[in-house]
Amino acid sequence: MAVSLNDIKNKIASTKNTSQITNAMQMVSAAKLGKSEEAAKNFQIYASKVRKLLTDLLHGHEAQNSKYHPMLVSRPVKKTAYIVITSDRGLVGGYNATILKSMMELFAEYHDKDDFVIISIGSMGSDFFRARGLQPIYELRGLADQPSFDEVRKIINKTVEMYQNELFDELYVCYNHHVNSLTSQMRVEQMLPIVDLDPNEADEDYVLNLELESSRDVILDQLLPQFAESMIYGAIIDAKTAENAAGMTAMQTATDNAKKVISDLTIQYNRARQAAITQEITEIVAGASALE
C-alpha cells in the first residue's frame with residue numbers, strides 16, 4: 001500500500017522534533033561531562049596527596065607494627081562484597097549493559113549464591129539484581145550528576161564499617177572507568193583490604209623529618225578508613241564521568257540517525273510528489289486527447 005504524501009510529511013516533522021530533543025540532550029550531557037572531568041581531575045590531586053602521606057607513615061622500621069593494621073592485612077575470605085555502580089536512568093547506550101553482564105558472568109564463575117553480597121549504587125543496577133533474585137544489602141538511588149562526598153557519605157561509611165565488623169572479608173568496586181568521550185573500560189578494583197600502598201615509595205628525607213603528635217597507629221586508625229572512603233568516592237566520580245560521556249555519545253548517535261531518517265524520508269517524499277505530479281499530467285493529457 002502506497003504511503004500518502006501527508007503521512008511522509010508527518011513522519012519528517014516528527015523525526016525533526018525527535019532530532020531537536022536528542023541534540024539538546026547531547027549538549028546537556030556534554031556540559032555535565034565537562035564538570036565531571038573537572039571534578040575527577042581535582043579528586044586525583046587529593047587522592048595522590050593522601051596516598052603519599054600514607055606511604056610515608058608506613059615507611060621505616062618504627063612503622064613495622066602499622067603494616068599489620070586490620071585494613072591492610074588480608075584475612076581468610078568467607079564472603080566478598082561488590083559495590084556495583086550503574087546509572088539511575090537509561091539513554092546512556094551500552095553503559096549499564098556492559099557492567100551488569102560482566103557482573104553476572106563474574107558471579108556465575110567465581111561464587112555461590114551465599115558467598116557474596118551486593119552494594120548497589122544506581123537504580124538500573126538495583127532493579128536488575130532484584131529482578132534476578134539478588135537482593136542488595138545496601139543501595140543508593142537518585143545520585144546527582146556531580147555527587148558531593150556528603151551525598152555518598154552514608155553508603156561509603158556504612159560499607160567501610162561493615163568491613164571492619166567482618167560482615168565481609170574483601171570489598172571490590174565495579175564500575176565503568178572513563179577513558180575519553182568515546183571509550184570507557186569496565187573495572188573491578190579491590191578497595192579492602194588496602195593492598196596497593198607500597199612503603200618503599202616513601203620519601204625518606206621527608207619521613208625522617210616527620211614529627212607526629214600521636215603514634216602512627218592512632219593516625220592510621222583515622223587515616224586508613226578515610227583513604228578507603230576516598231577511593232570509593234573516586235570510583236563513583238569516575239563512573240559518573242563515564243556515564244555522562246556515554247549519554248553524550250548515545251544522543252549524538254541518535255541525532256545522526258534522525259538526520260539520516262529525515263534525509264531518506266525527504267527523498268521518498270520528493271519521489272512520491274514527482275510521481276503524483278506525473279500522474280496528474282498524464283491524466284490531463286489523456287483527458288485532452290479524448291476531447292479531440
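1. The sheet. In this predicted model, five strands form an open sheet with mixed pairing, in the order β3-β2-β1-β4-β5. Its edges are β3 (138-140) and β5 (183-192), each of which pairs on one side only. From one strand to the next the twist averages 25 degrees.

2. The β4-β5 pair. Strand β4, residues 170-180, runs antiparallel to β5, and nine bridges join the two. One position to check on the structure is His178, whose bridge partner in β5 is Ser184. As background, strands in a sheet pair through backbone hydrogen bonds, in either a parallel or an antiparallel manner.

3. The helix over the sheet. Helix α2 (residues 95-110) lies across β1 (80-85), β2 (116-121), β4 and β5. The helix runs at about 165 degrees to β1.

4. The largest nonpolar core. This core has 46 residues, and Ile85 and Ile232 touch the most other members. Two or more residues come from each of α1 (5-57), β1, β2, α4 (149-164), β4, β5 and α6 (216-291). Helix α6 supplies the largest share, 14 residues. In general, nonpolar side chains of soluble globular proteins tend to be buried together.

5. Surroundings of Ile85. With neighbours within four places in sequence left aside, Ile85 is in contact with Tyr95, Ile99, Ile121, Val173, Cys174, Tyr175, Ala235, Ile236 and Ala239.

6. A separate core. Another core, of 14 residues, lies apart from the largest one. Among its members are Tyr82, Met103, Phe128 and Phe129.

Note on methods:
Residues are numbered from 1 along each chain as its sequence is written. This is a predicted model: local features need pLDDT of at least 70, side-chain atom pairs count only at pLDDT 80 or more; totals for chains, interfaces and linings use all residues. Side-chain values use heavy atoms; hydrogens and water are left out. Two strands pair if DSSP finds at least two bridges between them. Helices (H or I, at least four residues) and strands (E, at least two) are DSSP runs, numbered from the N terminus. Axes are lines fitted to C-alpha atoms, for helices over the stretch in contact, and angles run from 0 to 180 degrees between N-to-C directions. Contact means heavy atoms within 4.5 Å. A nonpolar core is a set of buried Ala, Val, Leu, Ile, Met, Phe, Trp, Tyr and Cys residues joined through side-chain atoms within 4.5 Å. Buried means under 20% relative accessible area, exposed over 50%, partly exposed in between (1.4 Å probe, protein chains only).
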